[in-house]
Amino acid sequence: MKFPFQRLSALSGCLLIAAATSTTRAAEAQGTPNIVVILADDVGWGDPGCYGATKVKTPHIDRLAREGRRFVDGHASAAVCTPTRYSLLTGQYSWRRKAAGLDRGVSNGASPLLIPTDLPNAPSLLKGAGYRTAVIGKWHLGFGNSRPDYNGELSPGPLEIGFHEFFGLPATNDRIPTVFIRDHRVVGLDPADPIDYAYDKEAALKRGLSSFAAGRNRIGWGKGGRAAWWKDTEISDTFTNESVAFIERNKERRFFLLFTPHGVHAPTICHPRFSGSSGQGNRADMLHELDDSIGRILGALDRHGLASNTLVVFSSDNGAYLNDESGHRPTGPFRGIKSQLWEGGHRVPFLCRWPAKITPGVSEDLVSTLDIPATICAAAGVKVPENALPDSFNLLPPLLGDASAPKRDSLVVMSGMGALAIRSGSLKYLPDLSKAHGWQGGGKAAKKAKGAALFDLAKDPGEKNNLLPERKDDAERLAALLESARSRSVTRPR
Ligand code: CA
């Protein structure tokens, strides 16, 4: 005999399944698309061919540009990984979450889950609309309620904020622990060889931990888990295979895939079939590997007749970490690199392809990775609750040709050290020029820099001419806009 609560539970389960099935059918009936968001790692504005690169070949990224909308004024919401990834899921400026440490820097492998499980975000909203949701690749947003135990259940994590499935690496490819995680568990872990780790040298040495893992020195120290170590040369193929398999498993229903490749973050180690392929260096070779991976995902969409009604978004979590690789210019014409407030730190490629709905072309609109959640929710027909995605602008109406739709008139960007700058029109205002150089510091010249700066990117994309002395009114207007964005909790149109 079943107890009443068991019967109730069984009944609720049936109702939930019925509800999920009906929302799935409803989504399909409305012609809503599949959604694939590809967020690359440390890929700069000037890296793909479609943004002017000639010394590397990116035919698959270029295909997305040719068949979709190419934004030339697209930005990562921060100049480093973790904050941008937080904003991509939550639609909230990361610096609003100071208590969680999201107002600067990146997390290490010891971070608890950085995304609140009680607020609606992009994956939870899409899941609620009947989408099958997965994140495959680099996570870098923490696990658990405190320091994660990689020998146990890594929960809460991606599955607790709206993803049905997760496969990936915990933080970055240069960081311990060097293992893959599927859903809540490290893949292939031998319980007889448990993982210990630390990011504090003194503690690490006391426990006999080593910074050597999976064939090279990494950030942090660790011990154990050897059977689970990844091979750097196989990471890209592994993530690509997982992504293609996810698409194929779900080809008969609506799905949302967030694909977060580790390319082209250091260490720039690619599969031997790409080594030397660019003649420009290891990073450029890894860019070829990344492009090949994207080609395989686009190929899977083609093969199953899904390409026309799939919205594919491609961007990067921050700018490139160098601006010259044997003549290839990863940051294009822009000044600065990853972590900096100069354009090179946060101006990134930004492409949206949805052949059934979006007319191909080039857009000069100011857009951010922060806008991806509102845009994909709009494409999925999801009504975003009042308190959700507070800083995310819906780009869909302009993408579909509605010239009267509200557009972003200003955008705040954050450096790796937590300094902020604001864009409005073609003007960019930095309240403290000495902080433009992010965690690189900028040396003596930066320390001498005093006060604020104003640049007109339309005339001065290299940010050389500080206009503040002659345009004090504009500087004051942008300073007030920045203060307004900081003091409000919502900046998107309601
Ligand atoms: Ca990054």
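Reading a predicted model through its definitions

Q: Why does Asp41 count as buried?
A: Asp41 has a relative accessibility of 0%, and since buried means under 20% relative accessible area, Asp41 counts as buried in this predicted model.

Q: What makes Asp41 a donor residue of the calcium ion, and which other residues coordinate the ion?
A: Donors to calcium are N, O and S atoms within 3.2 Å of the metal, and the calcium ion is coordinated at 2.2 to 2.6 Å by Asp41 (OD), Asp42 (OD), Cys81 (SG), Asp317 (OD), Asp317 (OD) and Asn318 (OD1). In sequence, these donor residues follow the spacing D-D-x38-C-x235-D-N. Asp41, in the loop between strand 1 (34-40) and helix 2 (59-67), and Cys81, in helix 3 (residues 81-90), are 40 residues apart, so that the pair links distant parts of the chain. Cys81, like Asp41, counts as buried, because its relative accessibility is 2% and the limit is under 20%.

Q: Why is the arrangement of the six donor atoms around the calcium ion called irregular?
A: Six donors count as octahedral if opposite donors are over 155 degrees apart and all others between 65 and 115, whereas the angles here run from 52 to 159°. The value of 52° falls outside those ranges, and therefore the arrangement is irregular.

Q: How do you know that helix 2 and helix 7 are oblique to each other?
A: The axes of helix 2 and helix 7 come within 7 Å and cross at roughly 55°. Because angles under 35 degrees count as roughly parallel and those from 65 to 115 as roughly perpendicular, the two helices are therefore oblique to each other. The contact is made by Pro59, His60, Ile61, Arg63 and Leu64 of helix 2 together with residues of helix 7 that include Asp291, Ile294 and Leu298.

Q: Which residues touch the most other members of the largest nonpolar core?
A: Among the 100 residues of this core, Trp139, Phe256 and Ile376 touch the most other members, while the largest share of the core, nine residues, comes from helix 7 (residues 282-303). Phe256, leaving aside its neighbours within four places in sequence, is in contact with residues including Ile35, Val37, Phe163, Phe246 and Ile376.

Q: Why is Asn250 said to be buried, and where does Asn250 lie?
A: Asn250 lies in the loop between helix 6 (235-249) and strand 10 (255-260), and because its relative accessibility is 6%, set against a limit of under 20%, Asn250 counts as buried. Apart from neighbours within four places in sequence, Asn250 is in contact with Arg132, Glu165 and Phe255.

Q: What is noted about the phi of His140 and of Glu463?
A: Most residues other than glycine have a negative phi. His140, in the loop between strand 3 and strand 4, has a positive phi of about 65° although it is not a glycine, and Glu463, in the loop between strand 17 (453-456) and helix 12 (472-487), has a positive phi of about 50°.

Q: How do you know whether His140 and Glu463 are buried or exposed?
A: The relative accessible area is 1% for His140 and 0% for Glu463, and because buried means under 20%, His140 is buried and Glu463 is buried as well.

Methods:
Residues are numbered from 1 along each chain as its sequence is written. This is a predicted model: local features need pLDDT of at least 70, side-chain atom pairs count only at pLDDT 80 or more; totals for chains, interfaces and linings use all residues. Side-chain values use heavy atoms; hydrogens and water are left out. Donors are N, O and S atoms within 2.8 Å of the metal (3.2 Å for Na, K and Ca); water is not among the atoms, so sites may look incomplete. Four donors count as tetrahedral if all angles lie between 85 and 135 degrees; four count as square planar and six as octahedral if opposite donors are over 155 degrees apart and all others between 65 and 115; anything else is irregular. Helices (H or I, at least four residues) and strands (E, at least two) are DSSP runs, numbered from the N terminus. Buried means under 20% relative accessible area, exposed over 50%, partly exposed in between (1.4 Å probe, protein chains only). A nonpolar core is a set of buried Ala, Val, Leu, Ile, Met, Phe, Trp, Tyr and Cys residues joined through side-chain atoms within 4.5 Å. Contact means heavy atoms within 4.5 Å. Axes are lines fitted to C-alpha atoms, for helices over the stretch in contact, and angles run from 0 to 180 degrees between N-to-C directions. Angles under 35 degrees count as roughly parallel, over 145 as roughly antiparallel, 65 to 115 as roughly perpendicular and the rest as oblique.
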